[in-house]
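The following exercises concern a ligand shell and a sheet. Please work through each task before reading its solution.

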Amino acid sequence: MRLHRNLVFATIDSLHLIFNEGKQADKVMKNTLKRDKRWGSRDRGFIAETTYDIVRWKRLYAEIAEVKEPFDRPNLFRLFAVWATLNGIKIPDWKQFEDTPTRRIKGRFDELSNIRKIKESIPDWLDELGVKELGKKWDKEIKALNQLADVVLRVNPLKATVTQVQNELSDQNIETEVLKGYPFALKLKERANVFGTEQFKNGWFEVQDASSQKVADFLNPKPGERIVDACAGAGGKSLHIASLMDNKGQVLALDIYENKLNELKRRARRNGVHNIETRVIDTTKAIKKLVEKADKVLIDAPCSGLGVLKRNPDAKWKLQPEFLESIKNTQQEILQSYSRMVKPGGELVYATCSILPSENEAQVKTFLASEEGKSFTFIKDDNIMPSSSGFDGFYMAKLQKKEKE
Ligand SMILES: C[S@@+](CC[C@H](N)C(=O)[O-])C[C@H]1O[C@@H](n2cnc3c(N)ncnc32)[C@H](O)[C@@H]1O
């Protein structure tokens, strides 16, 4: 592979914004990719993948290059040189790469590969937490979480069949494969910009990780039911739920952020979904109005996001222990208040995209032992681990509200 100067410079500029200015990686990437209209999909792919790769391996590369934050421009080029060397890419004879110690880079990599927190490129506190919560399992989970995420589509059965989407995309040289056990999923064989296709614009599919597609299945919505999606965000799960209900019945999508619900409404129109109503939760009154009104409630709770590090490697550096503690309190508060919306005999699903038992099983256990939780019985749970599934880490638990005596 030959390195192109403007693509490398765009990568360096993006890394500066992410590492030194605390900007969110996905937002930086969106802006960077708008910079030059002449860039084709391979150029864009190079910038995005290289930037994300260097974000993912920041600690390892910084230790190899012997540089410390904040990274000045020469140091960002040193990180880049480590990336290129370890990926077998020839370093060009530009002045920014003068005296790159290629052999030393390889030697340092071998030396440092014995220390997990450096090899897997994670902060000390996160490595300690992983061991405390997952014991021996942490090793393979963090390894899996450092792999590049596959792109998975969820076909929208209101608009198309899996075969139709597969054939139409194949006509545009976008090859996909079906995933056993995931009835609406198609995995891209190679990364491609699916958002530009007519099929996406017409709502035939959404991009949604395979593990995330398990949540609506687990909830098992039926046409005609009244379902509350309590932390609906931009509606990844609401849209899936509505499609499984065949547009019959009602999905009430709640969130504390109006802008996310507005995005949900846009996506619902594209998806041909007509049975979602959105409500911003700005007072406790909004919750009270819905007490015992839902057949099923989904709480897709805000969480550490540790299960989706593949997709969002930047979170390794942005996440703080204090945030984790406060988000656990929020999770329990949400469980306590939104569970009241379930009708007697109805069901509650609590889900997170975390792999930490303290955000998952422990929260359910605390809830069941509480006054509010006493009216629920535990039905089942599912712990989807990145190492065994190959996709994101997710947790989901199903509880049933007891009938009134
Ligand atoms: C994991 S995200 C939801 C993702 C979404 N369900 C999807 O599938 O695309 C959690 C959501 O909970 C929302 N949230 C946080 N606190 C909340 C609260 N007290 N009540 C309702 N939603 C809340 C956040 O704004 C965020 O959109």
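**Exercise 1.** Which helices and which strand each supply at least two residues of the shell around the ligand?

*Solution.* The model is predicted: local features need pLDDT of at least 70, side-chain atom pairs count only at pLDDT 80 or more, and totals for chains, interfaces and linings use all residues. Residues are numbered from 1 along each chain as its sequence is written.

Step 1. Helices (H or I, at least four residues) and strands (E, at least two) are DSSP runs, numbered from the N terminus. Helix H13 (236-244), strand S6 (250-255) and helix H17 (321-338) satisfy the condition.

Step 2. Cys231, Gly233, Gly236, Lys237 and Asp300 come nearest among the 18 residues around the ligand, where near means a C-beta atom, placed from the backbone, within 6 Å.

**Exercise 2.** State the order of the strands in the open sheet, and explain why one side of S7 and of S10 has no neighbour there.

*Solution.* Step 1. The order of the 7 strands is S7-S6-S5-S8-S9-S11-S10, with mixed pairing; two strands pair if DSSP finds at least two bridges between them.

Step 2. Strand S7 (276-280) and strand S10 (376-384) are at the edges and have a single partner strand each, so one side of each lacks a neighbour in the sheet.

**Exercise 3.** In what sense do S10 and strand S11 pair, and over how many bridges?

*Solution.* Step 1. S10 and S11 (residues 394-401) are antiparallel, with 8 bridges.

Step 2. One bridge partner can be named: asparagine 383 is matched by tyrosine 395 in S11.
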